[in-house]
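Q: Please take me on a close walk around a single sheet, strand by strand, and then show me what surrounds it. I work at the bench, so plain words are welcome.

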Amino acid sequence: MRKVLFTLFFVALFGTVFAQGTVTVWTHFQGPELQWLQSAAQSFEKASGTTVNVVSVPFNDIKQKFILGAPQGKGPDLVVTLPQDQMGEMAVAGVLEPLDKYVTQNYLSGLEPVAVDAFTYGGKLFGMPMSAESVALIYNKALVPNPPKTWDAFLATAKKLTTGDTFGFLYPENDAYFNFGFFRMEGGYVFGKNADGSTNTSDLGLGGEAGVKALDFIKALRYTYGLVPDGVDYGVADGAFKDGALGMILNGPWALGDYKKANLDLGVEPFPTPPGASRQWGPFVGVQGVVVNAYSQDKVAAVNFAKFLVTPESQVSFNQAGGRIPVSKSAVEQLKGDPVVQGFSSAIALGTPMPNVPAIGKVWGPMADALKLAEAKQDSDTTQIASDLVSQIQKGIAGTQ
Amino acid sequence: MTRHPPGFRGLLLALAALTAAVGLAVVIGVLLFWLVRTRLPDLPTYLLLVTIGLALLPMLVLFRRRFPFLSDWYYLLPATLFLLAFTVYPIVLTMGLAFTNFSGKNYGRPDRATETAVTFVAPATLRFTTDPRPALRCGDSCVGAQVEVYRGNERARATIAGEGPTALTLERVPAFVPAPEDGQLYVAKVNNYHFIGVKNFAFILSNASTALWPVFRWNVVFAAGSVILTALMGLILGVVLNDSRLRFRNFYRTALIISWALPNIITIQMWNALLNQQFGAVNRLLGLLGIYSIPWLTQTDWAKLGIVLVNLWLGFPFMMTATLGALSTIPNELYESAQIDGASPWQAFRGITLPLVRTAFTPVLLTSFAFNFNNFNLIYLILPQGGPAIPGGLATANSTDILISWAYKTAFRAEGGSAYGLGSAIALIIFVVTVGISLINFNITGAFREERR
């Protein structure tokens, strides 16, 4: 009897110590990055006594499920992590908590300015930036011994390796995000800026001459240079690279965890700009951050876990688990010697941040359609496609308001 | 047993009595729940259903004493309630949403990007540190705009009545606002969603030539083509497998049904990989035969053909099973007498098998058409990133999209940007089209005519 009472006493004691609320986290991380998050959750549980539930949700479903579920109390307390292009719409929908009141000036000044900008919408901070990413040219040193730093070197290597059994260069040719760099090198942009620095969604820069030239270049990758055949999507390109059948791929740091697991010797360079382009190739820079549900029952615990995840030490260990680039200045400093991090950092330095206004949601679809139409035929009318692209985006933004 | 009161009046009387019984049960159930909740405040709300159910039982007994004929209706009551809750209610909701601008941006919630710290000045003024109009993104004037005022966990809606250079006045002050301050007071503009008339439908019709019409045409072709092909193949295989001279026919039956038995969520995605132009097994096999690689899934016409062929693979076992079922009801004597009369096997097939199978087959074909008309799984999962684009078309309506996948992408995918109102409008169009097609089908085939005879 005494034993039972004793046990009960201890259970009650531990119960009061550890039952300090529960925080639910949605994440799109997979593989090594998911393991990293789960172990981070465990150490947070030990340190704070707050239970953390990690729930995997597909990347493309998070925004919808969150917007519809959060006000009904069906959302998580945190999402780890979201890129800034999804953040704007969610902030306007009212489901994200502005975090200015939870963070210090010291914390903000320890971050790369581009990361703070990415998560600032309407003058408010809506997420704690955790990692930055952009696409860059990742090459397998077993097939490509010399870094393809110039366009000529890139083209020669890619053509030599495109044999039928192996490929020189592949990337998801229909995906808007991966192709933006080619628009940018021809002078394209997504939205212009107003005089006060805010985004002007009526100034669209993906069409016109820049759009036509970019689409022609993307077409040339298939029809002129014979590099990227029809039917290559992300899974195909990624799989071929993992199997060692592909020399160079345009991909982002999220894929590095798997590539490391496949024991590939990697090099990373910005995509070499071909001669004749009006400026250097530069990718979209995405910043991923932890966001907090405005309808969370326990915002303090949620914010504490968010802070725990974005410390410089966490960012370094997150980079080692997966490969995404930290956004804390001191974490970047610590990883200075890593050539892969350096490669991506130089690509990010060439890039431009993805817009975070809700209107960006209306850009991806028309852009993917334009890419599909341009690539479908060798004689596709890129002038018409580029002008359709602009009018489709305009139509989407105007919508039915 | 009392007789049911006759005619339309009787029907109305019965419906009124039933509604009264259920209505009273709801009232009593809610009261009961509320009473229990005062004692147990943590009670989950879904227990309301239990209390209503408890109240419904005595109600039904009482009403039956007064109207004895109601007992017939009690058999229908559970099904009717389910129909109301899970079919009629969503349809009504969709109809309502189709005439609003409901979307991620217009969500009826405070836009947190406009959140501004304010101080309250009696009697009804919110004092800002800057110009409230850009801070709340009201445009030229904030008057009439809905805002949400909140401090800590207390929040309330209010309407703006007037404005000054750094202040707004509220029409009515929520009770908690003037209370002694124990935290910062915030105000944010509500991103109102409201009635916009037929604008959603006008948008759909303005894109009729590049979205609505091609999508609808392909939808009909896809559904009809799938039904015809699967029916033909199912019929042929069924007749062959029904022949008792065929050895191992049970084995064939089992083997041929596999494509139906596997979950199509998996098999459809498998077909996506098999049909990949460069790396798919289908093109590799065709390549061995010397056929140049076919752009399955990337060129409009091939993608459509590929989808119909995949649907044939998915759908023929159902038709084959239906055929076998129908054939087993045809007595063997008919064939024997046909043989004695000197009929050829083809004549026997045309004269006996086809007419007898047809009666069993008509409802199956209709069901299959209705199913394929809204075959979202196949269309969406085989090309999750969207099919080949239509020149000048909408990003949500690619050339292989059918109406239902168009509606889904509009409301729930990035291309559509959470346009729930517009998605509802498309869904409403689907509803009208499906009802129309079903009526035509029933009329032509006379599927429901027997009862009237």
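A: Two strands pair if DSSP finds at least two bridges between them; strands (E, at least two residues) and helices (H or I, at least four) are themselves DSSP runs, numbered from the N terminus. This is a predicted model, so local features need pLDDT of at least 70 and side-chain atom pairs count only at pLDDT 80 or more, while totals for chains, interfaces and linings use all residues. Residues are numbered from 1 along each chain as its sequence is written, and chains are lettered from A and ligands numbered from 1 in the order in which they are written.

Let's go to the sheet in chain A. Here 4 strands form an open sheet in the order β8-β11-β7-β12, and their pairing is mixed. Its edges are β8 (167-170) and β12 (266-269) of chain A, each of which pairs on one side only. From one strand to the next, the twist averages 15 degrees. (Such angles run from 0 to 180 degrees between N-to-C directions; axes are lines fitted to C-alpha atoms, for helices over the stretch in contact.)

Start at the β8 edge. β8(A) lies parallel to strand β11 (residues 246-251) of chain A, and 3 bridges hold the pairing. If you would like one pair to find on screen, pick Phe169(A): its bridge partner in β11(A) is Met248(A). Helix α7 (residues 151-161) of chain A packs on the sheet here, touching β8 and β11 of chain A, and its direction makes about 120 degrees with that of β8(A). Helix α10 (residues 234-242) of chain A packs on the sheet as well. Besides β8 and β11 of chain A, α10(A) touches β7 (136-140), and its direction makes about 135 degrees with that of β11(A). For these packings, two residues are in contact if their C-beta atoms, placed from the backbone, lie within 7 Å.

Now step back to the chain that holds this sheet. Chain A has 17 helices and 15 strands. Its radius of gyration is 23 Å, close to the 21 Å that the globule rule gives for 401 residues, so chain A is as compact as a globular protein of that length. (The radius is taken over C-alpha atoms, and the rule is 2.2 Å times the number of residues to the power 0.38.) Along its principal axes, the C-alpha trace of chain A spans about 85 × 50 × 35 Å.

Elsewhere in chain A there is a local feature to look up. Val80(A) and Thr81(A) are joined by a cis peptide bond, with omega of about -5 degrees, and Thr81(A) belongs to strand β3 (residues 78-83) of chain A.

Next comes a helix pair in chain A. The axes of α16(A) and α17(A) come within 9 Å and cross at roughly 165 degrees. On the α16(A) side of their contact are Pro366(A), Met367(A), Ala370(A), Leu373(A) and Ala374(A). Among the α17(A) residues that they meet are Ile385(A), Asp388(A), Leu389(A) and Ile393(A). By class, this contact has 9 nonpolar, 3 polar and 1 charged residues. (Ala, Val, Leu, Ile, Met, Phe, Trp, Tyr, Cys and Pro count as nonpolar, Asp, Glu, Lys and Arg as charged, and the others, Gly among them, as polar.)

Both of those helices also lead us to the neighbouring chain. The contact between the chains takes 39 residues from chain A and 39 residues from chain B. On the chain A side, the elements that give two or more residues are α3 (62-69), α4 (84-92), α16 (364-376) and α17 (382-398). α16(A) gives the most, with 8 residues. That side is made up of 18 nonpolar, 13 polar and 8 charged residues.

Across the contact, chain B has 17 helices and 6 strands. Its radius of gyration of 31 Å is well over the 22 Å that the globule rule gives for 453 residues, so chain B is more spread out than a compact globule. The C-alpha trace of chain B spans about 105 × 75 × 40 Å along its principal axes.

Set beside your open sheet, chain B offers a barrel: 6 strands close up in the order β1-β2-β5-β4-β3-β6, with antiparallel pairing. The twist in this barrel averages 45 degrees from one strand to the next. Strand β3 (residues 146-151) of chain B is joined by 4 bridges to strand β6 (residues 185-189) of chain B, and Val147(B) has Lys189(B) as its bridge partner in β6(B).
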